[in-house]
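User: Hello! I am new to this structure and would like a close look at a single part, the strands in its interior and what surrounds them. Could you walk me through that?

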Amino acid sequence: MGSGFYWLVALRYLRMRSLRSAKVYLVPAIIGVLLLATALTNHWLAHTHVVRLEEFHDAHQGALELAKIGMIVAFVLVGVFVLLVRRLTIFTTISTYGLFLGTGALVIALSVMSGFERDLRNKILGANADVVITRPHGPFTDYDKLRAEAIKLPEVTGATPYVSSEAIISSSSNLAGVVLKGIDPATVGKVTKLSGQIDTGSLDYLVHPEKLRDISPPVFDDDLDLDAPKPPKSAKPQKTSKSESKLVELVPAGKKEGAASQKEAVAPEPRRVVPGVIVGRELAKSLRVFVGDDVKIVSPNGGIGPTGPMPKSRPFRVAGIFFSGMYEYDSKYVYLAIPAAQKFLGEPGVVTGLELKVRDPDRTGPVVDKLKSLLGSAGGYEVEDWQELNRNLFSALKLEKIAMFIVLCFIILVAAFSIIANGIMLVMEKGREIAILKSMGASDRAILVVFMLLGLYMGGLGTLAGIGTGIVACLSLARWGLSLDPDVYYITQLPVRMSPSEIAAVAGAAILIAILATLYPAWVAARLKPVEGLREGNH
């Protein structure tokens, strides 16, 4: 017997002898009409010029989008079920539909998780370097020489030094603990994406802080340029009344200039030049500062005073506000020029490390090996790539993806139990036909192959439909997107990234489970004796 005969018998057991009535298409047709009506209503409300309807659309836009997405999901799920049940038996339909749901859900879930992982990876690489060279047990002073040697490697496209320390930043309304990072504005753009992430302000203000003097009024009382030219002694001071002098004393330091200009009693004195800093958007919101506002940074590494160790405090001026897309960076990082950081920390000529940018961030291993051999072990240098520095985070993401794969595989396992039950019922129902086939010369192996093909057919059909639907859904999400609240998720839409290896793993697991689920029913059918089959068929 050829394979064509096996397939003929297997399909005969699975398919209906005649197609069901076309009335089964009524339900998906109704859902399709509702979907079309929902889409047209949403489009009409979005482009109408009636004020009340515009207000209604703005207030219920999220609910309308969810309704449209729900209609699309219902149309697809019901439509696939109807297409299956019109041609297959009800038990075969349930088994195949379970595989369809499991594989489709797995493809979508894994693609969304891969999208979040890629988005997180891009944000981390945008704010950090691919490879970092540090010297934990000694001062890092020869960074210019090491930078020149590292940039000669063909895989390295950029290198920049940095200074890092922890500090406290305060404004007139709030304070926060931050990571202070000194950068080189001339070379940092070749290693990170900081220059493209600045919303307001500029990196140039870190090099030329004097440009910030006229942007905003001073915040601190001591923020006055004492070296500015004073008025001649011959100029007599203008007399003010007691009420006016009392008013000037009560005005805060940041508003004295406005009060003085209104009274035309005191001319505004120029602000002194202080180093600039670039803060994250979330940190700027917390401190309630803008470009040109003054802040104070406090470092615990201060000098020794009469009563013991004393923290070091120095005024700085906001030179820019950046947005990296990661809350941890936008709320904790403060950038300033390396000379200002070295002077503030009391470590002139010393940096924390050297950051490098490579051509392929996924292949940093060879670059790390070359740098280790170049630096040697005598200097006490350590070379780490971004994967090593963020190992715990990406390991947790990989473990979460594996757990999600296992959990969603239970949907396929439920479908596998349905395949087992369907196979056993087929053996009981078709026992007489199995006995006739064996009487005509069919071997046990032939019957085993027929029932194995039953599982392969159901597994292949359900897997193909599920993966196809999952791919179409992922492409639709990537093309039109699913809007998310940026205040909650810190992204504007749902990220999606399909991986061929993950899709192949889902397909292989689904088909394998379906074939394994048919082993027991096939074994029972192969061991059925012709006499017993004919006797049970007569009953």
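Analyst: Here is a walk along one strand, its partners, the core around them and the empty spaces. Please keep in mind that this is a predicted model.

Let us start with strand E2, which covers residues 156-170. Of its 15 residues, 11 are buried, so E2 is largely enclosed by the rest of the structure. Strand E3 (residues 175-183) runs antiparallel to E2, and nine bridges join the two. With four residues between them, E2 and E3 form a hairpin. If you would like to find this pairing on screen, look for Ile-168, whose bridge partner in E3 is Gly-177.

E2 also pairs with strand E11 (residues 353-358), again in the antiparallel sense, over six bridges. Here Thr-160 stands opposite Glu-355, and Ala-159 has Leu-356 as its bridge partner. A further antiparallel pairing, over three bridges, links E2 with strand E6 (residues 294-299). In that pairing, Ile-169 is matched with Ile-297 of E6.

Now move across to E11. Six of its six residues are buried, so to speak mostly covered. Gly-353, Glu-355 and Lys-357 point one way from this strand, while Leu-354, Leu-356 and Val-358 point the other way. E11 also pairs with strand E1 (residues 131-134), in the antiparallel sense and over four bridges. Val-131 has Leu-356 as its bridge partner there; recall that Leu-356 is also the bridge partner of Ala-159.

Several of these residues turn up again in the largest nonpolar core, which has 65 residues. Those that touch the most other members are Ile-133, Ile-169, Val-279, Ile-297, Val-334, Leu-356 and Leu-371. What is Ile-133 in contact with, leaving aside its neighbours within four places in sequence? The list includes Gly-353, Leu-354 and Leu-356, along with Phe-140, Leu-371 and Tyr-381. Apart from this core lies another, of 26 residues, among them Ile-419, Val-496, Val-506 and Ala-510.

Next come the empty spaces. Rolling a probe the size of a water molecule over the atoms shows where such space is left. A search of the whole structure finds two cavities of 30 Å³ or more. The largest cavity has a volume of about 50 Å³, and its lining brings us back to our strands: Glu-355 is one of the lining residues, as are Lys-181 and Ile-183. Helix H5, strand E3 and helix H7 (194-197) are the elements that give two or more residues to this lining. By class, the lining divides into five nonpolar, three polar and three charged residues.

The second largest cavity holds about 30 Å³ of space. Ile-419, named above as a member of the 26-residue core, is among the residues that line this cavity, together with Phe-451 and Met-458. Helix H18 gives the most to the lining, with three residues. The lining has five nonpolar residues, two polar ones and no charged ones.

Finally, the largest pocket holds about 1,100 Å³ of space. Of its 29 lining residues, Ile-69, Ile-72, Val-73, Ala-473 and Leu-477 are the closest to its centre. Helices H4 (61-85), H5 (90-127) and H18 (444-480) each give two or more residues to the lining, and H4 gives the most, with 10. The lining has 17 nonpolar, nine polar and three charged residues.

Key:
Residues are numbered from 1 along each chain as its sequence is written. This is a predicted model: local features need pLDDT of at least 70, side-chain atom pairs count only at pLDDT 80 or more; totals for chains, interfaces and linings use all residues. Side-chain values use heavy atoms; hydrogens and water are left out. A nonpolar core is a set of buried Ala, Val, Leu, Ile, Met, Phe, Trp, Tyr and Cys residues joined through side-chain atoms within 4.5 Å. Buried means under 20% relative accessible area, exposed over 50%, partly exposed in between (1.4 Å probe, protein chains only). Contact means heavy atoms within 4.5 Å. On a 1 Å grid over the protein atoms alone, a cavity is a set of points where a 1.4 Å probe fits but cannot get out, and a pocket is an open set with protein on both sides within 12 Å along at least five of seven lines; lining residues have an atom within 4 Å of a point. Grid points are joined across faces, edges and corners, and a volume is the space filled by probe spheres set on the points. Ala, Val, Leu, Ile, Met, Phe, Trp, Tyr, Cys and Pro count as nonpolar, Asp, Glu, Lys and Arg as charged, and the others, Gly among them, as polar. Two strands pair if DSSP finds at least two bridges between them.
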